[in-house]
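The following report describes one protein chain and its ligand, moving from overall dimensions to individual elements. Please read it alongside the sequence and the structure shown here.

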Amino acid sequence: MSDLDISKINHVEIKQDRVIKVFAHGKKSAIRFNREVTALKRLAYIEGIPSLFSYSPTHRCIAIERIPGTPLSLADHIPDQFFAQLRVLIENLLLCGVARHSLPARDVIVQPDGSVGLVDFERCSFRHFVGDPMWWVASKVAHFNLLRLIDSYAPVQLTYDEQHMLYRQYKWQNRYRNIRQWLQR
Ligand SMILES: Nc1ncnc2c1ncn2[C@@H]1O[C@H](COP(=O)(O)OP(=O)(O)O)[C@@H](O)[C@H]1O
Ligand SMILES: [Mg+2]
């Protein structure tokens with residue numbers, strides 16, 4: 001039997017002008033649904049973020065604007081200014097108190113005019129108050145994921161300090177992974 005449990009997969013329907021996302025059932029689905037709705041409300045009017053058209057807590061379903069274009073993971077051509085724009089977008093998110101937990105290339109959209117779009121906010125943290133220590137960690141993680149994505153697509157766009165920082169983080173990640181594997185054995 002396959003390990004894949006389809007009840008744990010969201011149903012995402014991409015229409016011409018909108019996207020309908022029905023959250024998978026499961027223990028954490030209400031949390032993920034609420035997070036995505038809260039994030040989209042906080043980020044309303046930020047360029048590159050889909051507008052929230054409607055949502056139903058009962059059906060755990062949202063209807064959002066479709067960002068036209070191609071996911072970065074499938075794009076043939078990435079415009080020169082793309083990652084500079086992505087940096088600004090992630091900074092805008094952080095200033096609005098939203099920090100993503102990960103930044104997969106499929107959630108980053110290359111729009112037909114070359115501008116950047118970003119979707120999928122079900123896994124993110126929010127700033128709750130000034131000086132929130134968890135927020136400090138969450139924003140560091142968001143920065144790390146941004147630099148990691150730039151490193152895999154356009155490493156020359158990282159500064160020397162950023163490359164150095166990433167290298168240190170990769171080293172710690174490897175050590176942590178090795179220790180975890182060792183403990184599991
Ligand atoms: N508003 C949108 N505009 C354009 N593409 C989208 C939009 N929402 C989702 N997508 C595409 O559909 C994919 C899956 O949607 P997502 O919200 O990430 O759900 P999940 O990660 O649970 O499958 C995204 O990675 C993205 O490529
Ligand atoms: Mg996604």
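## Overall dimensions

In this predicted model, the protein chain has a radius of gyration of 18 Å, which agrees with the value near 16 Å that a compact globule of 185 residues would have. Along the principal axes, the C-alpha atoms of the protein chain fill a box of roughly 45 × 45 × 45 Å.

Of the 185 residues in the chain, 23% count as buried. Among contacts with a separation of 6 or more, 63% are made by residues that stand 24 or more positions apart in the protein chain.

## Order of the elements

The protein chain contains 4 helices and 9 strands, and from the N terminus on these elements follow the order β-β-α-β-β-β-α-β-β-β-β-α-α.

## The hairpin of strands 1 and 2

Strand 1 and strand 2 are joined by a hairpin through 3 residues, and the two strands pair in the antiparallel sense over 4 bridges. Within this pairing, Ile14 has Val19 of strand 2 as its bridge partner.

## Surroundings of ligand 1

Strand 1 (11–14) and strand 2 (18–22) also take part in the shell around ligand 1, where each of them, like strand 4 (61–65), supplies at least two residues. There are 16 residues around ligand 1, and those that come nearest are Asn10, Ile67, Arg106, Val119 and Asp120. By residue class, the shell around ligand 1 divides into 9 nonpolar, 1 polar and 6 charged residues.

## Helix 3 and its packing

Helix 3, which comprises the 21 residues 133–153, reaches 31 Å from its first C-alpha to its last, a span close to the 30 Å expected at 1.5 Å a residue. Its buried residues are Ala138, Ala142, Leu146, Leu147 and Ile150.

Which elements do the buried residues of helix 3 pack against? They pack against two helices, helix 2 (82–95) and helix 4 (160–184), and against two strands, strand 6 (98–100) and strand 9 (124–126).

## Helix 4

Helix 4 has 25 residues, which at 1.5 Å a residue should span 36 Å, and the C-alpha atoms at its ends are indeed 36 Å apart, so the expected and computed values agree. Although the buried residues of helix 3 pack against helix 4, the count of buried residues among the 25 residues of helix 4 itself is 0, and this helix is hardly covered.

Notes. Residues numbered from 1 in each chain as written. Chains lettered and ligands numbered in written order. Predicted model: local features only at pLDDT ≥ 70, side-chain atom pairs only at ≥ 80, totals over all residues. Near = placed C-beta within 6 Å. Nonpolar A, V, L, I, M, F, W, Y, C, P; charged D, E, K, R; others polar. Expected span 1.5 Å × (residues − 1). Buried ≥ 20, exposed ≤ 12 C-beta atoms within 10 Å, placed from the backbone. Contact = placed C-beta atoms within 7 Å. Rg over C-alpha atoms; globule rule 2.2 N^0.38 Å. Pairing = 2+ DSSP bridges.
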